[in-house]
Structure formats: structure tokens, C-alpha cells
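Hello,

I am handing over a structure that you have not seen before. Please look through it, then read the notes below.

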Amino acid sequence: MKGHNREEFEYLTRLNDGVYDRLAGATERMAVLCSEADLRSQVIAQVVMDLNKAAEEEIEMLIRDDKVDEARKIPPKKYENIVDLDALFRRTLDKIQKEEHAARRRSVTPTANLRSG
């Protein structure tokens, strides 16, 4: 009977080693999959940022060229339906209007100071 217990112990030890080997392999595969997913996420994020930047540049150029209607009507498919063109249009238009307002104030302010002085 002692031989039987020894064989059972060796069998369970091999079984245990096999389970740990498979678990280690699965852990390695999960680490690779997580790395790949992280890389894909980074690539997607970069693509979205690039599309947003390109759309913003196009909208700004059109607005500055007095083509506001064209800027407002850019088809979403042009930017893969990813970019929120309406929000980007409003934000860009607001930015340009603020810049123009600040430029007008700078050009008017010195003259106003001369009159009051």
C-alpha cells in the first residue's frame, strides 16, 4: 500500500505542476493580450486626436475665409463620424470671435487713451 500512496503522490504532484504550467501560460497570454489592447487603445486615441485636429484646422480655415456655412456643413463621414463637428464648429467660431474682439480692442484702446489724456 505504501507504493500506492507514493504513486498517487507523484501523480498529484505532476497534475499540480501541469495546472501551474497551464496557469502560467494563460497568465502570459493575458499579459500579451492586455499589452495589445493597450496599444490598440493608444492608436485609436491618436487617430481620434488627429481627426479632431484636422477637423479643427479645416473649420478654422473656412471660418477665417468667410465660409462659415461651409464650415458648419462639413459632412461627418469626412471625419469617420468620430469628430463632434457641431461642438468643434461652435468652439472654433467662439475662439475666432474672441480673438477678433481682442484684436479690435487692442487697436481701439491706444486711440481712446490719447483722447482722454
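What follows is a short account of what was found.

This is a predicted model, in which local features need pLDDT of at least 70 and side-chain atom pairs count only at pLDDT 80 or more, while totals for chains, interfaces and linings use all residues. Residues are numbered from 1 along each chain as its sequence is written, and side-chain values use heavy atoms, with hydrogens and water left out.

The chain has an average pLDDT (the predictor's confidence in each residue, from 0 to 100) of 90, and 90% of the residues score at least 70. Among the elements (DSSP runs numbered from the N terminus: helices are H or I, at least four residues, and strands E, at least two), helix H2 (residues 68-72) has the highest mean pLDDT, 96, and helix H3 (residues 85-116) the lowest, 83.

The largest nonpolar core (buried Ala, Val, Leu, Ile, Met, Phe, Trp, Tyr and Cys residues joined through side-chain atoms within 4.5 Å) has 14 residues, of which Ile59, Ile63, Tyr79, Val83 and Leu85 touch the most other members. Helix H1 (2-64) and H3 each supply at least two residues of this core.

Thr92, in helix H3, is buried at 1% relative accessible area (buried is under 20%, exposed over 50%, partly exposed in between, with a 1.4 Å probe and protein chains only). A polar atom of the Thr92 side chain lies 2.8 Å from the backbone oxygen of Leu88.

The loop between H2 and H3 holds Glu80 and Asn81. Phi is positive in both, near 60° for Glu80 and near 55° for Asn81. Most residues other than glycine have a negative phi. Glu80 is exposed at 54%, and Asn81 is exposed at 51%.

Regards

Notes: Polar contact = N/O pair within 3.5 Å; in protein donor to acceptor, adjacent residues only side chain to side chain.
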